Amino acid sequence: MTNSPAPTTPSARLDLVGIVTADLAASLRFYRLLGLPVPDGVDDAPHVEITLDGGMRLAWDPESTVRSFHPDWRPVTGGRIGLALQADSPADVDTLFEQVTGAGYEAALRPFDAPWGQRYASVLDPDGNGVDIFAPRA
């Protein structure tokens, strides 16, 4: 019996979070309100992508784009993943929450001082995805 080298396991790194949306323009407006650098003039594009601090990418695809290469695709009901955005301060958590909900988006969890040491709130994007907003408390 010969000693063969152990197989190597390929590696991958998380590089992009994609959001499939029923209404691209509404979704982009929501994320702009949260301060993400979504460019103007892309509200009817087949794909929108931004690079965040640290190199992570966030992308949006209308349902029609996904169906163009995956005709049997159907949207899921109920969120399975959530996004979390760190604000600069506890006061900014409250301000962002009021800004987003004041624009008509749904509140999931009003701002509160969490026992784990953060000011914390949660809103829903137009497709029902949870977006948490947090900042460390002083």
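**Helices α1 and α3 in a predicted model**

Q: What makes D23 a cap of the N-terminal end of α1 in this predicted model?
A: A side-chain oxygen of D23 lies 3.3 Å from the backbone nitrogen of A25. A polar contact requires a pair of N or O atoms within 3.5 Å, and the 3.3 Å separation meets that limit, so D23 caps the N-terminal end of α1.

Q: Why is α1 described as largely enclosed by the rest of the structure?
A: Seven of the ten residues of α1 are buried, so the helix is largely enclosed. Buried means under 20% relative accessible area, and the residues of α1 in that class are L24, A25, A26, S27, L28, F30 and Y31.

Q: What follows α1, and what is the sign of its phi?
A: G35 follows α1, and its phi is positive, near 95°.

Q: How do you know that the span of α3 agrees with its number of residues?
A: Helix α3 holds 13 residues, 90–102, and at 1.5 Å a residue these should span 18 Å. The end C-alpha atoms are 18 Å apart, which agrees.

Q: Which residues of α3 are buried, and why are they said to be on the same side?
A: V93, L96, F97 and V100 are buried. They cover an arc of only 100° around the axis, which puts them on the same side of α3. On the other side, A91 and G102 are exposed, a term that requires over 50% relative accessible area.

Q: What do the buried residues of α3 pack against?
A: They pack against α1 (24–33) and against the strands β5 (107–113), β6 (118–124) and β7 (130–136).

How values were computed
Residues are numbered from 1 along each chain as its sequence is written. This is a predicted model: local features need pLDDT of at least 70, side-chain atom pairs count only at pLDDT 80 or more; totals for chains, interfaces and linings use all residues. Side-chain values use heavy atoms; hydrogens and water are left out. Helices (H or I, at least four residues) and strands (E, at least two) are DSSP runs, numbered from the N terminus. The expected span of a helix is 1.5 Å times one less than its number of residues. Buried means under 20% relative accessible area, exposed over 50%, partly exposed in between (1.4 Å probe, protein chains only). The arc is that of the directions from the helix axis to the C-beta atoms. Contact means heavy atoms within 4.5 Å. A polar contact is a pair of N or O atoms within 3.5 Å; within protein, one must be able to donate a hydrogen and the other to accept it, and residues adjacent in sequence count only if both atoms are side-chain atoms.
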